[in-house]
Amino acid sequence: MPGMPESKINLLGLSRQQMEAFLLTKGEKPFRAIQLLKWIHQFGVTDFDEMTNISKSLRAQLKECAEVRPPRVKERLDASDGCYKWIVEVESGSSVETVFIPEAGRGTLCISSQAGCSLDCSFCATGKQGFNSDLTTAEIIGQLWVANRELDTFGTKKPRQVTNVVMMGMGEPLLNFDNVINSISLMMEDNCYGLSKRRVTISTSGVVPALDRLKDYTDASLAISLHAPNDELRSQIVPINKKYPISELLRSTNTYLDSLPDSRVATIEYILINGVNDHRQHARELAELLRTTPCKINLIPFNPFEGSDYNRSSNSAISNFRKILQEAGYTVTIRTTRGDDIGAACGQLVGLVDDNTRRSARYRALREQSNPEQRLKVQ
Ligand code: SAH
Ligand code: SF4
């Protein structure tokens, strides 16, 4: 608009190719892109004056038209088990959540890709809030940037604390395809975070057309949120199944796995909800269904949240379910619940999503009814 100051380009959100193209417009050679990426992502530097191997004239030009602007952290919560949760503000005015989960020998960062989610899975707090916005590349990679700064690993010789990234926070990554692809390219880029393709995982509830395209853009690891062994049940709890049924989802998963140069398998995620999908018969059906999909199975005991009617499966149902799958030859893990004293467990992430649909209004009312303190905290 005439008279409006032009906003500066946020270099935090540029992939290597985009950074090279941007520098070309300034008459600079592509190798400058690597220098900038290192300053921003390896050393956590946001001030161009600290980028000492960049010429003074380029620094002056950059200050005119560009900036390095990480998302603002509204709050950090520290759990008693060593997990952290950051509440990060995004440009749409909503906030999203990022969780760090330390384990022996590794540290996993669970990153959000959208504020809210449009897919409305019946067991997911994020889904109950409705959709607000796609995160930009800067907001997605910014979550890793922020974690590295707060865990104090930038520019030090300390071992890397975030060794793994999972796109299992708020939102459906494949519905924000370009920004997710750009972000994971930065995660894997040697001059940035240098994470191996095995240690970056995209989790999807099954947006099949996007999954079909994925192999042309990345070779990250894949997790499929299956949660039910047949279409009838899956359509009830993961509504996108009505559009893209299980047979198409597994066909697309196999195609992706076939495209990988190594023998990686998919992780099949399966929430165990008491009396809904946790019968022995479901386990047998699941074992049969996955016969031709190279995979390991991750069972996730349902994590309760305000406003949800479901309960976690009993310990005996969980172990029976696992046993049936193991006896059928599958590698099965049970996800331990971490960070639940700060609302950081799987499916509990809510941020502060501003969505005005009836679905989110209904959910907000339920949350407020069941937990008035929560209302005070988030407003
Ligand atoms: N939209 C993507 C990624 C975000 S959800 C997807 O659905 O895969 C990440 C994981 O958290 C999924 O496996 C999801 O099924 C799980 N999850 C959601 N709600 C949960 C809950 N209440 N308890 C336990 N896990 C949950
Ligand atoms: Fe969205 Fe994933 Fe939650 Fe389903 S489980 S509502 S796809 S975030």
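In this predicted model, strands β5 and β6 form a hairpin in which two residues separate the strands. Gly105 lies in the turn and has a positive phi of about 80°. The two strands pair in the antiparallel sense over five bridges, and Ile101 stands opposite Thr108 in β6. Strand β5 (residues 95–103) also takes part in a hairpin with β4, here with five residues between the strands. In that turn, Gly93 has a positive phi of about 100°. Strand β4 (residues 84–89) is antiparallel to β5, and six bridges connect them; Trp86 has Thr98 of β5 as its bridge partner. Seven of the nine residues of β5 are buried, so this strand is largely enclosed by the rest of the structure.

From β6 the pairing continues in the parallel sense. Strand β6 (residues 106–110) runs parallel to β9, with three bridges joining the two, and Cys110 stands opposite Val166 in β9. Strand β9 is in turn parallel to β10, again through three bridges. Val166 has a place in this pairing too, standing opposite Thr201 in β10. The connection from β9 to β10 passes through helix α6, and the resulting β-α-β crossover is right-handed. In a regular strand the side chains alternate between the two faces of the sheet. Both faces of β9 are covered: Asn164 and Val166 are buried on one side, and Val165 and Met167 are buried on the other.

Helix α6 comprises the twelve residues 177–188. At 1.5 Å a residue, a span of 16 Å is expected for this helix, and the distance of 17 Å between its end C-alpha atoms agrees with that value. The helix is mostly covered, with nine of its twelve residues buried. These buried residues are Phe177, Val180, Ile181, Asn182, Ser183, Ile184, Leu186, Met187 and Met188. They pack against four helices and two strands, namely α1 (16–24), α2 (31–42), α5 (137–150), α7 (208–214), β9 (164–167) and β10 (200–204).

A further right-handed β-α-β unit is made by β10, α7 and β11. Strands β10 and β11 run parallel and are joined by four bridges, with Ile202 standing opposite Leu222 in β11. Strand β11 (residues 221–225) has five of its five residues buried. Ser221, Ala223 and Ser225 are covered on one side of this strand, and Leu222 and Ile224 on the other. Three bridges join β11 to strand β12 (residues 266–272), also in the parallel sense; in this pairing Ala223 stands opposite Thr267.

The surroundings of ligand 2 are formed by Cys117, Leu119, Asp120, Cys121, Phe123, Cys124, Gly127, Gly171, Glu172 and Ser205. By class, this shell contains five nonpolar, three polar and two charged residues.

Elsewhere in the chain, Cys65 belongs to helix α3 (residues 56–65). Its relative accessible area is 24%, and Cys65 is therefore partly exposed, since buried means under 20% and exposed over 50%. Apart from neighbours within four places in sequence, Cys65 is in contact with Lys8, Ile9, Phe22 and Lys26. The C-alpha atom of Cys65 is separated by 12 Å from that of Leu23, a residue 42 residues apart from Cys65 along the chain.

Technical notes. Residues numbered from 1 in each chain as written. Chains lettered and ligands numbered in written order. Predicted model: local features only at pLDDT ≥ 70, side-chain atom pairs only at ≥ 80, totals over all residues. Heavy atoms only, no water. Expected span 1.5 Å × (residues − 1). Buried < 20%, exposed > 50% of the residue type's maximum accessible area, 1.4 Å probe, protein only. Contact = heavy atoms within 4.5 Å. Pairing = 2+ DSSP bridges. Right-handed = clockwise from strand over helix to strand, strands pointing away. Near = heavy atom within 4 Å. Nonpolar A, V, L, I, M, F, W, Y, C, P; charged D, E, K, R; others polar.
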